[in-house]
Amino acid sequence: LNIKNAYSELGNILSRFSPQFAALMYMPLIPAGPQGEPPMQIKAGIVDHLGSQIIIAQSINDPFSGADVTWPETSLIGVAIENRSALENSLSLLHGKLLAANNPDATRQFLGHTIYLIDFQGFMPGLMPGAGRPMQNPNRRQIPIMPKYAFTVTDTHLIFSKESAVEQALRTLNSSENVSVDSERWFNIAKSSIPSLVGLVTLQNDKVSGKYIWSEMRNLSEQMKNNGSGVGGRAGSIVPKMMFAQAGFDLFYFGLLPEFDAVKKYFGLSAFYGVSKSDGFTFEFKYMNSPD
């Protein structure tokens with residue numbers, strides 16, 4: 001993915017529908033400074049310094065049982081960069097002027113990198129009163145505390161995730177140990193099932209994600225039974241709620257489901273990829289049996 005070309009094409013498409021919206025893509029994020037500092041635009045200040053790779057990795061903490069207020073899923077986004085110094089200068093300015101204005105504690109040094117903290121919780125009250133505070137909502141379900149998010153810039157990637165995940169990524173980069181997802185057996189099996197050159201790829205260990213969803217469905221039934229409500233589930237877990245919200249929780253009783261060990265043999269690995277060809281695009285989805 002050529003991010004710079006994609007951004008320009010998006011601007012061209014928007015200009016055909018609404019030149020006003022297209023113009024927003026090229027407006028300064030930060031106006032010119034009083035000392036003659038040039039304005040900062042998103043394309044010149046950020047997009048032009050990005051590379052051609054976007055990586056999204058998701059992990060699930062196991063065990064994830066219990067009804068405590070947790071965020072068991074962690075997603076980390078890495079965007080390849082071409083000019084670390086220029087990009088970090090722009091992001092530092094954007095963070096200090098807009099994302100964390102007048103908050104000197106929103107940046108800190110960690111293993112030779114600057115971690116920039118983002119307080120999404122500060123943006124939530126206007127959209128969701130009570131969000132981010134351990135209080136009870138009208139349905140008597142505890143609202144989860146919003147985790148702290150952050151980003152940092154390395155020599156090769158712009159990394160964004162929860163603060164703890166960003167720290168862990170930097171520890172891994174500074175570690176002398178050979179720690180990589182390539183050492184995972186399931187990953188190598190799934191990767192070997194796709195072409196060596198692809199434009200888009202998703203590899204997933206469905207045994208892990210299946211166990212999580214299975215656990216959440218069973219937990220929904222416990223919540224429904226204890227609260228006498230058709231809405232339940234561990235706070236911070238939205239997948240089962242999204243799956244069954246339209247049909248109604250009262251139509252399902254997941255307490256009858258067996259333990260996951262009884263069905264785990266039916267969950268394996270999956271791979272989805274897309275490639276571009278002269279006559280269009282080709283996409284393929286593969287499901288593989290568990291390596292166990």
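This briefing covers the fold, cores, surface patch and salt bridges of one chain.

The model is predicted, so local features need pLDDT of at least 70, side-chain atom pairs count only at pLDDT 80 or more, and totals for chains, interfaces and linings use all residues. Residues are numbered from 1 along each chain as its sequence is written, and side-chain values use heavy atoms, with hydrogens and water left out. The chain has nine helices and eleven strands. Helices (H or I, at least four residues) and strands (E, at least two) are DSSP runs, numbered from the N terminus.

**Overall figures**

- Of the 292 residues in the chain, 36% are buried. Buried means under 20% relative accessible area, exposed means over 50%, and partly exposed lies in between (1.4 Å probe, protein chains only).
- The chain exposes about 18,000 Å². Carbon and sulfur atoms supply 57% of that area. Accessible areas come from the Shrake-Rupley method with a 1.4 Å probe; for residues, only the protein chains shown count as cover.
- Among contacts between residues at least 6 apart in sequence, 59% join residues at least 24 apart. A contact means heavy atoms within 4.5 Å.

**Nonpolar cores**

- In soluble globular proteins, nonpolar side chains tend to be buried together.
- A nonpolar core is a set of buried Ala, Val, Leu, Ile, Met, Phe, Trp, Tyr and Cys residues joined through side-chain atoms within 4.5 Å.
- The largest nonpolar core holds 18 residues. Those with the most contacts inside it are Ile46, Leu50, Ile81, Leu87, Leu91, Phe151 and Leu158.
- Five elements give two or more residues to this core: helix H1 (3–17), strand E4 (73–81), helix H4 (84–99), strand E6 (113–118) and strand E7 (149–153). H4 supplies the largest share, three residues.
- Another core, of nine residues, lies apart from it. Phe187, Ala190, Ala271 and Val275 are among its members.
- Isoleucine 81 contacts His49, Leu50, Gly51, Leu87, Val153, Thr154, Asp155, Thr156, His157 and Leu158, leaving aside neighbours within four places in sequence.

**Helix H6 and strand E8**

- Helix H6 spans residues 163–173. Its buried residues are Glu163, Ala165, Val166, Glu167, Ala169 and Leu170.
- The cover over these buried residues includes E4, strand E5 (107–110), E6, E7 and strand E8 (157–162).
- Isoleucine 159 lies in strand E8. At 7% relative accessibility, isoleucine 159 counts as buried.
- Not counting residues up to four places away in sequence, isoleucine 159 touches Leu76, Ile77, Ala150, Phe151, Thr152, Thr154, Val166, Ala169 and Leu173.
- Isoleucine 159 and leucine 170 are eleven residues apart along the chain, and their C-alpha atoms are separated by 9.4 Å.

**Surface patch**

- Leu200, Phe272, Phe281, Phe283, Phe285 and Tyr287 form a nonpolar patch on the surface. Together they have about 670 Å² of accessible area.
- Patches are made of residues with over 30% relative accessible area and no salt bridge; like charges are joined within 9 Å, and nonpolar side chains (Val, Leu, Ile, Met, Phe, Trp, Tyr) within 5 Å.
- Strand E11 (residues 280–288) gives the most to the patch, with four residues.
- Leucine 200 is found in strand E9 (residues 200–205). Its relative accessible area is 43%, so leucine 200 is partly exposed.

**Salt bridges**

- Side chains of opposite charge can pair when their charged atoms come close.
- The structure holds nine salt bridges. A salt bridge is a side-chain nitrogen of Lys or Arg within 4 Å of a carboxyl oxygen of Asp or Glu.
- Glutamate 82 and lysine 4 meet in a salt bridge (3.3 Å, N to O). The pair links distant parts of the chain, 78 residues apart: glutamate 82 sits in the loop between E4 and H4, lysine 4 in helix H1. Glutamate 82 is exposed at 57% relative accessibility, whereas lysine 4 is partly exposed at 22%.
- Arginine 84 bridges to glutamate 88, with the closest N and O atoms 3.6 Å apart. Both lie in helix H4, four residues apart, about one turn of the helix. Arginine 84 is partly exposed at 23%; glutamate 88 is buried at 14%.
- Glutamate 163 and arginine 108 meet in a salt bridge (2.7 Å, N to O). Glutamate 163 is in helix H6 and arginine 108 in strand E5, 55 residues apart. Glutamate 163 counts as buried at 14% relative accessibility, while arginine 108 is partly exposed at 25%.
- Arg108, Glu163, Glu167 and Arg171 are joined into one network by salt bridges that share partners.
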